[in-house]
Amino acid sequence: MLRGVLGKTFRLVGYTIQYGCIAHCAFEYVGGVVMCSGPSMEPTIQNSDIVFAENLSRHFYGIQRGDIVIAKSPSDPKLNICKRVIGLEGDKILTNSPSDFFKSHSYVPAGHVWLEGDNLQNSTDSRYYGPIPYGLIRGRIFFKIWPLSEFGFLRDSPNGHRFSDD
Amino acid sequence: MLCGVLGKTFRLVGYTIQYGCIAHCAFEYVGGVVMCSGPSVEPTIQNSDIVFAENLSRHFYGIQRGDIVIAKSPSDPKLNICKRVIGLEGDKILTNSPSDFFKSHSYVPAGHVWLEGDNLQNSTDSRYYGPIPYGLIRGRIFFKIWPLSEFGFLCDSPNGHRFSDD
């Protein structure tokens, strides 16, 4: 009797671990549904929007300028951040606000990316903590599923960045 | 006949994916065997040594000063680096060689760690690229299994660091 119960328990635990692992790998390598919070990507993504993130681009090193990515926060590894990629390694970045008299530039170092939120006035991003290593990127957001009025692929940056191949 | 072959193929693919996912999660969340290359952590770990790495400390944020960690390289996300944790966030770090006349210090920012190889004269580490975000750490090396003459737990830093709780 006890053996039967123990046997059933082990089988249940075994199936749970099995399907848990498969689900984890699906989320890790393919993608999943994410709920974003915070104002830093308005108007493209609002607080409490639900989006699809895919993780294939990261693994194949296919993240491009203009992509919206989820990354681990450089200031707190327990948190994720959601920003747009403005520059890849080697790009020249304007690092001061347009009202400054003297423009200052810096170059994104090897293995790093420069992130900025679409809501430039209310976003803590690379203008504050500098470029972040590519290794912190977790996935790319490409599709919004909630609210239904905004269902569809996400727009380009509203801030007039032109992403060319130079 | 064709149905039978297709059915067998799908079952095989299904089992492969299933056990591949379980193996991946075991390596990702528990740990695995790693072969190190390079001179930067000599004499503690030599080129071509084989070690055990565990990934639980990283997930539970239990990495401590003095641990040897594997991390993604901040200059190239395709590479891994293997260094010792010298400082955690908030620690004061000496950033110049002992022969300099004026000592210079810096503090490790929040969410970052300061890494140095045991082979200080032949190691590219935080003294070169600065502190790295905790999110880049992948695992902790704690046991050497090859060569057999050095089988066992790894020793403390040979560089006289004293890791206290201050």
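This briefing covers the contact between chain A and chain B and the annotated active site of chain B. The model is predicted: local features need pLDDT of at least 70, side-chain atom pairs count only at pLDDT 80 or more, and totals for chains, interfaces and linings use all residues. Residues are numbered from 1 along each chain as its sequence is written, chains are lettered from A and ligands numbered from 1 in the order in which they are written, and side-chain values use heavy atoms, with hydrogens and water left out.

**Contact between the chains**
- Chain A and chain B each give 23 residues to the contact, where contact means heavy atoms within 4.5 Å.
- Between chain A and chain B there are eight residue pairs in polar contact (both at pLDDT 80 or more); a polar contact is a pair of N or O atoms within 3.5 Å, where within protein one must be able to donate a hydrogen and the other to accept it, and residues adjacent in sequence count only if both atoms are side-chain atoms.

**Active site**
- The UniProt annotation "active site" (unreviewed entry) covers Ser40(B) and Lys83(B); such annotations may be inferred rather than shown by experiment.
- Although spread over 44 residues of sequence, they cluster in space, with a largest C-alpha distance of 7.5 Å.
- Ser40(B) counts as buried because its relative accessibility is 13%, and Lys83(B) does so at 5%; buried means under 20% relative accessible area, exposed over 50%, partly exposed in between (1.4 Å probe, protein chains only).
- Leaving aside neighbours within four places in sequence, Ser40(B) is in contact with residues including Lys83(B) and Ser123(B).
- The side chain of Lys83(B) makes a polar contact with the side chain of Ser123(B), at 3.3 Å.
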